[in-house]
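Student: Could you take a close look at one helix with me, along with whatever it touches? I'd like one long walk-through, please.

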Amino acid sequence: MRILIAAIFILVLVAFPFIVSSSYLIDLAVVIFLYSALALSWDIIARTGLLSLAHHAFFGIGAYTSVLICINYGLDPILSMILGGVVASLAAAGIGAITLKLRGLYFAIATLAFAGFMQVVVLQLPELTGGAGGITLQNPLFGGNLIQSYLLAFLIFLATLGVAIYLSKSKYKYSMAVIASNEIVAKTFGINVPRTILKVFMISSFFPGFIGAYYVHYIAYVNPHIGFDTAITLAVLAMTIFGGMGTNFGPVIGAAILKIAEEILRISFAYGHMIVYGIILIVVILFFPKGLMGIFSERESLIFSKIEAIKKLMK
């Protein structure tokens with residue numbers, strides 16, 4: 001039954017750009033797919049108990065890597081996107097080797113500092129990166145074909161979701177859960193904690209690199225503000241926490257709801273969504289720490305417990 005529902009849902013989403021004539025709605029769907037994938041990829045590393053604030057750094061690394069490769073070597077944009085993800089993953093390996101011994105707030109600050117460092121590097125190399133003025137591409141992705149761009153964004157989302165589901169059903173699920181709970185216990189079970197966290201961190205970082213590369217080809221422009229915008233990480237955190245951390249569909253639901261709310265708020269005041277993200281983080285952390293998925297699961301378990309109680313009474 002679940003497979004049938006999933007198949008129908010995928011078919012509807014594939015048909016969406018052919019049914020809807022509004023380019024605005026198709027573009028909004030593309031952005032929702034990208035942020036859903038970003039939220040899912042951030043949640044992957046969060047499952048180890050680490051709070052990374054460098055997602056926008058990997059986004060920017062992938063973006064600039066892809067653009068520079070295309071301009072200097074004429075590589076196909078899609079191949080350059082993959083390389084953007086690979087370079088972001090390698091950057092995660094490098095920064096991870098240095099910072100993964102840190103925990104809690106110290107790790108979060110270290111990753112945030114890394115993101116700031118990368119933005120400064122890009123600004124200080126104008127001959128290579130275009131500096132503050134950025135780089136404009138001659139042609140947008142697929143020559144501006146919105147339907148093809150939509151389908152690729154959908155594939156990126158499906159690939160990220162597939163990896164998240166695989167990790168939640170593989171041996172990594174238990175390794176990450178034990179590490180998040182107690183690293184000393186994890187070591188007693190024979191789990192190589194540094195190696196496991198580093199692998200998960202690299203997997204988590206590949207997707208923002210790939211997505212950053214996709215996005216700058218989609219809009220045909222990149223600058224340090226677009227590539228290394230801290231608002232990306234803030235939005236991803238809000239979406240994941242709002243939807244439900246440690247779940248495969250919570251970040252997706254959170255991304256869809258908040259991006260739609262953001263578009264509505266932009267009509268009223270330009271940066272209202274940032275205020276809303278902050279309020280959501282505070283409210284959810286205080287009152288709904290498990291997010292929307294946690295509320296639904298609690299209600300579901302409550303319903304089933306009541307049904308079981310009624311069955312016992314009827315016996």
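Tutor: Let's begin with a term we'll need: a residue is buried when its relative accessible area is under 20%, exposed when over 50%, and partly exposed in between. Ser22 has a relative accessible area of 26%, so Ser22 is partly exposed. Keep in mind that this is a predicted model.

Our part is helix 7, which covers residues 146-169. Start with its length. With 24 residues at 1.5 Å a residue, helix 7 should span 34 Å, and its end C-alpha atoms are 35 Å apart, which agrees.

How does the helix begin? Asn145 caps the N-terminal end of helix 7. A side-chain oxygen of Asn145 lies 3.1 Å from the backbone nitrogen of Ile147.

Step back a little and you meet Phe142, in the loop between strand 1 (135-136) and helix 7. Most residues other than glycine have a negative phi. Phe142 isn't glycine, yet its phi is positive, near 55°. With a relative accessible area of 32%, Phe142 is partly exposed. Phe142 also joins a nonpolar patch on the surface, together with Ile78, Leu79, Ile82, Leu83, Val86 and Leu90. Together these residues have about 530 Å² of accessible area. One of them, Val86, is found in helix 4 (residues 77-99), and its 33% relative accessibility makes Val86 count as partly exposed.

Now for the body of helix 7. Its buried residues are Ser149, Tyr150, Leu152, Ala153, Phe154, Ile156, Phe157, Thr160, Leu161, Ala164, Leu167 and Ser168. Pick out Tyr150: its relative accessible area is 0%, so Tyr150 is buried.

What about the rings? A pair of aromatic rings is described by the distance of the centres and the angle of the planes. The count for this model comes to 13 aromatic pairs. In one of these, Phe16 and Tyr150 are stacked, at 5.9 Å centre to centre with 25° between the planes. Phe16 sits in helix 1 (residues 2-19) and Tyr150 in helix 7, so this pair ties together parts 134 residues apart in sequence. Phe16 has a relative accessible area of 26%, so Phe16 is partly exposed. There's a wider group too: Phe16, Phe33, Tyr150, Phe154 and Phe157 form one aromatic cluster.

For contrast, here is a pair away from our helix. Phe59 and Tyr215 form a tilted aromatic pair, 6.2 Å centre to centre with 50° between the planes. Phe59 is in helix 3 (residues 55-73) and Tyr215 in helix 10 (residues 193-219), so the pair links parts of the chain 156 residues apart. Phe59 counts as buried at 5% relative accessibility, whereas Tyr215 is partly exposed at 27%.

Finally, back to Ser22, where we started. Ser22 lies in the loop between helix 1 and helix 2, and its side chain reaches the backbone nitrogen of Leu25 at 3.3 Å. Helix 2 takes up residues 23-46. Here too the length works out: 24 residues should span 34 Å, and the end C-alpha atoms are 35 Å apart, which agrees. Helix 2 is mostly covered, with 20 of its 24 residues buried.

Technical notes. Residues numbered from 1 in each chain as written. Predicted model: local features only at pLDDT ≥ 70, side-chain atom pairs only at ≥ 80, totals over all residues. Heavy atoms only, no water. Helix = DSSP H or I, 4+ residues; strand = E, 2+ residues; numbered from the N terminus. Expected span 1.5 Å × (residues − 1). Buried < 20%, exposed > 50% of the residue type's maximum accessible area, 1.4 Å probe, protein only. Polar contact = N/O pair within 3.5 Å; in protein donor to acceptor, adjacent residues only side chain to side chain. Patch = residues over 30% accessible without salt bridge, like charges linked within 9 Å, V, L, I, M, F, W, Y side chains within 5 Å. Areas by Shrake-Rupley, 256 points an atom, 1.4 Å probe, with all protein chains shown as cover. Salt bridge = Lys/Arg side-chain N within 4 Å of Asp/Glu carboxyl O. Phe/Tyr/Trp six-rings, centres within 6.5 Å; stacked < 30°, edge-to-face > 60°.
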